[in-house]
Amino acid sequence: MWLCGGNAICLCNGTAAIHIPSIFSERMGEPPEQIPRVTYPCSPSEWRTFQPVVTFVQPRIVEQPDAASLKKQCPYRKKLEKQKKKALKKRSDFSLSKYVKLARIKEKENFSEKENLNPERLKALINYLDSPVELEQLYAAQALGQLGVPEESVTSALFKTFQECNSLPLQYEAARSLALLGCLDTSVVKMLIRHLKDASLNRREDTLSALKVSLQAWSMTPELEWYWIGARSSLIRNLRRLVNLQDPMDSVIFDAALCLGYLDKYNPIAQETMFMCLSQDDCQRKIQALAMLVKQMAIVDPVVIKTVIDQLQRSPLYKHRVDAARLLATIGLEIIQEEGLEEEVFNVLLEKLSEEPFLVVRQAVASTVEELNIKKRVWDIVEKQLRDDKDEIRKKAVIALGVLGIRNKNLFFAMLEMLELDTCEDVRIQVVRAFSTLGMDNMHVRKSLVKKAQTQGILARECSKALESLDKVSDAQKEYMLQSFKIY
């Protein structure tokens, strides 16, 4: 504010206002209220030559927009949201790589009778236990054990039948079913021990099979949650007697040794029997002995590791090869290095990644490679093989990457280029299968597959199968893959 010609001029936000002091107003004889205040710049209404017509607005209910709709109405926010969606879509094109550090293990959906069991059937079987016909009682007792539903009503009905009936066959079936359901009461165990002494080979095998299932489940629970086993010392003594008296190659001795190992993992008789079974030709018995030695008894030496490797390489059953791969992961890299077998194990795993015909076995081997912390070394070797001049080596490399996964964007585009330009059709087919196995449902892969599917030949059929497989992937699996595997 300053004085200019006796007037006070005030500047406020770029607007000048002239105030005539009240002293001068009083001297002029006019009250200060009647002197109008002049504001510069003047309002546009000063130059308006007409008066605007005020229209009447009918009162009405107006729906107030919420915060979300207000944001959308803003042009800047619309543009920003559009840019975000575009960037997210661009990133999602590669988000399935790094992707599939490991291929999803595809297992057959087995029918589970426990999940679809009708409660009325359980009630009917429980009622059959009170039937006057002994054959119906035997059937009900066997069926309740095989169904494996450890409900209170089932176990109490079986235990009541076991205690009150006078028929020895029915008592045995009830005791066997109780053992399968995890009820190892003293009276139940004593009944099973009684039948272990039976001269009938079939009855011994039947009793040992029930004990093996029950004791295996018992040994897998944490020690703090172990439930009480009645007549345990008597059971161990009778199992030891069976192991000592029988031929080591007999099935009864092997099952008895397994039960003995579950009850007492430090038992020398059970340990010796397991080692003797490693030299047998029976693959089923050999893999069970290996699982007992590695998982239950925690005994690992060069003989055990080499036997596991032999099972992984030569077992005729793919399930045994899967178990052998998982046993190597259980043993661990540190113990393998201590025994000086690291290179041998590495070479076998690298070979099985590409030469194993079953996908589930290759996936188990890839899981073992990751758990042994040798995946980076395997990746380096396989990626070099992709640039090899020999078709067979490139084909094996693509097969291995189908379960190992793709670790970077460059490798992904290299495989995509192989699908377009590789001279060997077998290599291109394996690339399609690798994309399908890894669930790589992004824009680049799908565009290439659709283009190839429109042609004719084996490659076109493989592309059609891959597209069908990708379409079957549920939205939940896609969301899980998008969140879990990303290329950075």
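The following paragraphs describe the fold, one helix pair and several individual residues of a predicted model.

The protein chain comprises 488 residues, of which 41% are buried, and its secondary structure consists of 25 helices and 4 strands. Among the contacts in the protein chain with a separation of 6 or more, 64% are accounted for by residues 24 or more positions apart. Confidence across the protein chain averages a pLDDT of 80, and 73% of the residues score at least 70. Over residues 1–30, however, the pLDDT is below 50, although this stretch has 38 contacts in the model beyond near neighbours in sequence. A second such stretch covers residues 92–115, where pLDDT stays under 50 and where the model has 83 contacts beyond four places in sequence. Where pLDDT is low, the predicted coordinates should not be read in detail.

The packing of helix 15 (residues 318–331) against helix 18 (residues 359–371) was examined as a pair, and their axes lie 9 Å apart at an angle of about 5°. Because this angle falls under 35 degrees, helix 15 is classed as roughly parallel to helix 18. On the side of helix 15, the contact is formed by Tyr318, Arg321, Val322, Ala325, Arg326, Leu328 and Ala329, which meet Val360, Val361, Ala364, Val365, Thr368 and Glu371 in helix 18. Sorted by class, the contact of helix 15 with helix 18 has 9 nonpolar, 1 polar and 3 charged residues.

Two further helices were considered through a single residue in each. Leu192 is placed in helix 8 (residues 186–196) and, with a relative accessible area of 0%, is buried. Leaving aside neighbours within four places in sequence, Leu192 is in contact with Tyr172, Ala175, Arg176, Ala179, Thr207 and Leu211. The C-alpha atom of Leu192 is separated by 9.9 Å from that of Glu173, which is 19 residues apart from Leu192 along the chain. Met418, in turn, belongs to helix 21 (residues 409–421) and counts as buried because its relative accessibility is 11%, which is under the 20% cut-off. Outside its neighbours within four places in sequence, Met418 is in contact with Leu386, Arg394, Val398, Val427, Arg428 and Val431. For one of these residues, Arg428, the C-alpha atom is separated by 6.5 Å from that of Met418, with the two residues 10 residues apart along the chain.

Backbone geometry was considered at two alanines located in loops. Most residues other than glycine have a negative phi. Ala231, which is not a glycine, nevertheless has a positive phi of about 50°, and this residue is found in the loop between helix 9 (201–220) and helix 10 (232–245). Ala298 likewise has a positive phi, near 55°, and is found in the loop between helix 13 (283–296) and helix 14 (302–314). As to solvent accessibility, Ala231 counts as buried at 19% relative accessibility, just as the cut-off of under 20% requires, whereas Ala298 is exposed, with a relative accessible area of 61%.

Cysteine residues were also considered. The structure holds 0 disulfides. Cys259 counts as buried, with a relative accessibility of 0%, and Cys277 counts as buried at 1% relative accessibility.

Conventions: Residues numbered from 1 in each chain as written. Predicted model: local features only at pLDDT ≥ 70, side-chain atom pairs only at ≥ 80, totals over all residues. Heavy atoms only, no water. pLDDT = per-residue confidence, 0-100. Contact = heavy atoms within 4.5 Å. Disulfide = S-S within 2.5 Å. Buried < 20%, exposed > 50% of the residue type's maximum accessible area, 1.4 Å probe, protein only. Axes fitted to C-alpha atoms, helices over the stretch in contact; angles between N-to-C directions. Parallel < 35°, antiparallel > 145°, perpendicular 65-115°, else oblique. Nonpolar A, V, L, I, M, F, W, Y, C, P; charged D, E, K, R; others polar.
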